[in-house]
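Colleague: I am new to this one. Could you walk me through how to read it?

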Amino acid sequence: MLATVPNDARYKMVEKTMKKLNYDRSALIETLHTAQETFGYLENETLKFIARRLKLPFAKVYGVATFYHFFRLKPKGKHTIVVCMGTACYIKNANKILERLEKKFNIKSGETTRDELISLISARCVGSCSLAPIAIYDNKTVGHLSIDEAEKEAEELTKC
């Protein structure tokens with residue numbers, strides 16, 4: 001028998017997605033998307049709830065949530081910077097761009113600044129290798145970045 005749904009409308013939204021997909025284990029990614037849209041990010045309690053309802057090990061749910069860069073385990077900042085770390089970008093110094101931004105904002109990739117202004121994320125690949133190195137500043141894609149240009153684009157976000 002399935003455990004009861006917590007008395008929180010957000011959990012009911014996640015439950016609705018799982019029910020629509022017959023609680024099938026293959027519903028995991030779609031359920032994680034719904035949960036993130038509903039809660040804003042995926043906290044451990046939400047992941048545990050999904051694991052119980054889909055009858056999956058918590059490690060499996062957590063592993064999927066941490067594998068894909070579009071899932072967040074912490075609240076997102078007002079602005080998001082995604083640095084592509086794919087092979088083409090890495091060869092063209094994406095690692096140095098990421099290091100500069102980490103130093104500038106005093107956070108590591110996957111973290112958000114204390115003032116919740118900037119979230120810094122690294123992606124395995126954003127699929128725009130011809131623009132390497134590339135970063136996405138909120139919804140603005142900037143390619144052929146130098147380290148200084150990457151920092152300048154980041155500074156523009158802090159002015160908004």
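Modeller: Let us start with a term. A polar contact is a pair of N or O atoms within 3.5 Å; within protein, one must be able to donate a hydrogen and the other to accept it. Here is a case: the side chains of Glu 15 and Arg 53 are joined by a polar contact of 2.4 Å. Keep in mind that this is a predicted model.

Colleague: Where is Glu 15 found? Is Glu 15 buried or exposed?

Modeller: Glu 15 sits in helix α1. Buried means under 20% relative accessible area. Glu 15 has a relative accessible area of 9%, so Glu 15 is buried.

Colleague: And what about Arg 53, the partner of Glu 15 in that polar contact?

Modeller: Arg 53 is one of the buried residues of helix α3, residues 44-54. Others there include Thr 46, Leu 47, Phe 49, Ile 50 and Leu 54.

Colleague: How should I read such a list along a helix?

Modeller: Start from the general idea. An α-helix has 3.6 residues a turn, so residues three or four places apart point the same way. Now look at the list for α3: Thr 46, Phe 49, Ile 50 and Arg 53 are among its buried residues.

Colleague: Which elements do the buried residues of α3 pack against?

Modeller: They pack against α1, α2 and α4, the last spanning 58-67. After α3 comes Lys 55, with a positive phi near 55°.

Colleague: Let me step back. How many helices and strands does the chain have?

Modeller: The chain has seven helices and four strands. From the N terminus on, the order is α-α-α-α-β-α-α-β-β-β-α. The C-alpha atoms fill a box of roughly 55 × 30 × 20 Å along the principal axes.

Colleague: What share of the 160 residues counts as buried?

Modeller: 39% of them count as buried. Contacts give another view. Take those in the chain with a separation of 6 or more: residues 24 or more positions apart account for 58% of them.

Colleague: How confident is the predictor: what is the mean pLDDT of the chain?

Modeller: The mean is 91, and 96% of the residues reach 70 or more. Among the elements, helix α6 (residues 94-105) has the highest mean pLDDT, 98. Strand β2 (residues 118-123) has the lowest, 91.

Colleague: Next, empty space. How do I look for it?

Modeller: Rolling a probe the size of a water molecule over the atoms shows where empty space is left. In this model the count comes to one cavity of 30 Å³ or more. The largest cavity has a volume of about 50 Å³.

Colleague: Which residues line the largest cavity?

Modeller: The lining includes Cys 84, Cys 89, Cys 125, Cys 129 and Ile 134. Helix α5 (residues 87-91) gives the largest share, three residues. By type, the lining divides into seven nonpolar, four polar and no charged residues.

Colleague: Now the backbone. Where is there a cis peptide bond?

Modeller: One joins Ala 132 and Pro 133, with omega about -10°. Pro 133 lies in the loop between β2 and β3. Pro 133 is buried, with a relative accessible area of 6%.

Colleague: What is Pro 133 in contact with, leaving aside its neighbours within four places in sequence?

Modeller: Its contacts include Cys 89, Lys 92, Ile 97, Val 142 and His 144. For distance, try Glu 149: Pro 133 and Glu 149 are 16 residues apart in sequence and 11 Å apart in space, C-alpha to C-alpha.

Colleague: What is notable about the phi of His 144?

Modeller: The phi of His 144 is positive, near 55°, in a residue other than glycine. His 144 is placed in the loop between β4 and α7. Asn 22 is another non-glycine with a positive phi, about 55°. Asn 22 belongs to the loop between α1 and α2. Asn 22 is exposed, with a relative accessible area of 66%.

Colleague: One last loop. Which residues does the side chain of Thr 113 reach through polar atoms?

Modeller: Thr 113 is in the loop between α6 and β2. Its side chain makes a polar contact of 2.5 Å with the side chain of Asp 115. A polar atom of the Thr 113 side chain also lies 3.1 Å from the backbone nitrogen of Leu 117. Thr 113 is buried, with a relative accessible area of 10%.

Definitions and conventions
Residues numbered from 1 in each chain as written. Predicted model: local features only at pLDDT ≥ 70, side-chain atom pairs only at ≥ 80, totals over all residues. Heavy atoms only, no water. pLDDT = per-residue confidence, 0-100. Helix = DSSP H or I, 4+ residues; strand = E, 2+ residues; numbered from the N terminus. 1 Å grid on protein atoms, 1.4 Å probe; cavity = no way out; pocket = protein on both sides within 12 Å on 5 of 7 lines; lining within 4 Å. Points joined across faces, edges and corners; volume = space filled by probe spheres on them. Nonpolar A, V, L, I, M, F, W, Y, C, P; charged D, E, K, R; others polar. Buried < 20%, exposed > 50% of the residue type's maximum accessible area, 1.4 Å probe, protein only. Contact = heavy atoms within 4.5 Å.
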